Amino acid sequence: MRRAIISDIHANLVALEAVLSELERQEVDSIYCLGDVIGYGPQPRECLAKSRSFELNLLGNHEEAVLYEPIGFNARAKSAVDWTKDQLRVAELTQDEKREIWNFLGDMPARHVEGDVLYVHGSPRDPTREYVFVSDIRNPAKIAEIFEAQEQRTSFAGHTHTAGVFTEDCEFLHPSQIGNRYQVGERKVLINVGSVGQPRDGDPRGSYVIFDGEIVEFHRVKYDVEEAIRRFRETPLPEELALRLIEGR
Ligand SMILES: [Fe+2]
């Protein structure tokens, strides 16, 4: 098994296409997406259409926000939610297309378990909304609670847009510290796969991992950020959402 795990595409089709063509080259046999296909970015419909071919699509907090209420969103993120919602309802879509989109969103599960591996968007404790930040390693009580909620040895998450490995010993292993590889073993770990379309770890390249059941490989893909910004500018989305792509912050 060679499975690609991606997350947080955030309607950035330019980044998604770059990652998908890399995955073709990598000859993966399945793609799991941990949520936030939409939100923030300019091409939600196109990204949802591509996601439909993935073997798994989990519910992210941005899908939850368009389906229900935007809870815990700041004003900028909320305005992007409203714009995204409109894009999925516009008159140029047929009734069937709209039904397909909204059924696809509504059918997304919040968590997925396969053997000893848990897949979520946020955290094992709160699958769509809780963030596990790198700074949380200074909060051992929180990390302990997270791992207590994680019944499986390994979990994969997204949501913070920062790739790396959290261990039960309150460590965060940045991919560069571990040669971009981590072997899952006896101890519990939470692996963040980073973000395809809006990285926030200082590296503007799209992030994904490949998991073969034992080894997790961390990968980054350079994409045409200028083109992505140009597509933002065809929409009324806030300029800051586009410009943050340049530095990956
Ligand atoms: Fe996200």
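In what order do the six strands of the open sheet with strands 4 and 10 stand?

1. The answer is 4-5-6-10-7-8, and the pairing in this open sheet is mixed. Strand 4 (111–114) and strand 8 (172–173) are its edge strands, each paired on one side only. Keep in mind that this is a predicted model.

2. Look inside that sheet next. Strand 6 (residues 154–157) and strand 10 (residues 189–192) run parallel, joined by four bridges. One residue pair to find is F156 and its bridge partner I191, in strand 10.

3. Now the other order. Six strands form an open sheet that reads 3-2-1-11-12-9, again with mixed pairing. Its edges are strand 3 (56–57) and strand 9 (181–183), and each pairs on one side only.

4. Follow the edge at strand 9. Three bridges link strand 9 to strand 12 (residues 215–221), and the two run antiparallel. Here R181 stands opposite E217 of strand 12.

5. A helix covers part of this sheet's story. Helix 1 (residues 13–26) packs on the sheet. Helix 1 touches strand 1 (3–6), strand 2 (30–33), strand 11 (206–211) and strand 12. The direction of helix 1 makes about 30° with that of strand 11.

6. Step back to the whole chain. It holds eight helices and twelve strands. The C-alpha trace spans about 55 × 35 × 35 Å along its principal axes. A compact globule of 249 residues would have a radius of gyration near 18 Å, so the chain's 17 Å agrees with that.

7. Finally, burial and contacts. Buried residues are 45% of the 249. Of the contacts between residues at least 6 apart in sequence, 72% join residues at least 24 apart.

Technical notes:
Residues numbered from 1 in each chain as written. Predicted model: local features only at pLDDT ≥ 70, side-chain atom pairs only at ≥ 80, totals over all residues. Rg over C-alpha atoms; globule rule 2.2 N^0.38 Å. Buried ≥ 20, exposed ≤ 12 C-beta atoms within 10 Å, placed from the backbone. Contact = placed C-beta atoms within 7 Å. Pairing = 2+ DSSP bridges. Axes fitted to C-alpha atoms, helices over the stretch in contact; angles between N-to-C directions.
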